[in-house]
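Student: I would like to take a close look at one part of this protein, and I would be glad of a careful explanation that goes on to what surrounds it.

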Amino acid sequence: EGSYSLHVRARLMMDEGEYASAHELLHKLLYSASHELPEPMLYFVFCDLEICCKEIDDFKGAYEYSTSKMALLQKMLG
């Protein structure tokens, strides 16, 4: 299954309120060696991971993904 379809599946899980499952899938997508994500997609994965972390009360994780998201945005705009 491709990275785009995995991301869409995770977003559908989020829409259903299944944030823990979506977090697990997004984390797998992010750290899988077989997936080289383009930077714009990586930005949205960080955004979704931040949301999932907030929803499952992992505020440290939310902060870390927020920081990664902002650093990537700076890189893309710079």
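Student: Leaving aside its neighbours within four places in sequence, which residues is His27 in contact with?

Tutor: Before we begin, please keep in mind that this is a predicted model, in which local features need pLDDT (the predictor's confidence in each residue, from 0 to 100) of at least 70 and side-chain atom pairs count only at pLDDT 80 or more, while totals for chains, interfaces and linings use all residues. Residues are numbered from 1 along each chain as its sequence is written, and side-chain values use heavy atoms, with hydrogens and water left out. The protein averages a pLDDT of 94, and 96% of its residues score at least 70.

Once neighbours within four places in sequence are set aside, His27 is in contact (heavy atoms within 4.5 Å) with Leu49 and Tyr65. His27 itself lies in helix H2, where helices are DSSP runs of H or I with at least four residues, numbered from the N terminus. Its relative accessibility is 34%, so His27 counts as partly exposed (buried means under 20% relative accessible area, exposed over 50%, and partly exposed in between, with a 1.4 Å probe and protein chains only). By contrast with a contact, the C-alpha atoms of His27 and Tyr63 are separated by 15 Å, and these two residues are 36 apart along the chain.

The contact with Leu49 leads us to the pairing of two helices. The axes of H2 (residues 19-31) and H3 (residues 39-55), which are lines fitted to C-alpha atoms over the stretch in contact, come within 9 Å and cross at roughly 145°, an angle that is taken between N-to-C directions on a scale from 0 to 180 degrees. His27, Leu26 and Leu30 are among the residues that H2 brings to this contact, and H3 brings residues including Leu49, Val45 and Asp48. Sorted by class, the contact has 13 nonpolar, two polar and two charged residues; here Ala, Val, Leu, Ile, Met, Phe, Trp, Tyr, Cys and Pro count as nonpolar, Asp, Glu, Lys and Arg as charged, and the others, Gly among them, as polar.

Asp48 deserves a look of its own. This residue has its place in H3 and, at 3% relative accessibility, counts as buried. If residues up to four places away in sequence are not counted, Asp48 touches His7, Arg11, Met14 and Leu26, and Leu26 is one of the H2 residues in the contact of the two helices.

Tyr65, the other partner of His27, brings us to Glu50. Glu50 is found in H3 and is buried, with a relative accessible area of 11%. Leaving aside neighbours within four places in sequence, Glu50 is in contact with Ala62, Tyr65, Ser66 and Lys69. Helix H4 covers residues 59-77 and has the highest mean pLDDT among the elements of the protein (97), whereas H2 has the lowest (95).

Between H3 and H4 runs a loop, and Asp57 lies in it. Asp57 is not a glycine, yet it has a positive phi of about 60°, and at 56% relative accessibility it counts as exposed. Further along, Ala71 has its place in H4 and is partly exposed, with a relative accessible area of 48%. Ala71 and Tyr43 are 28 residues apart in sequence and 9.6 Å apart in space, C-alpha to C-alpha, and Tyr43 counts as buried at 18% relative accessibility.
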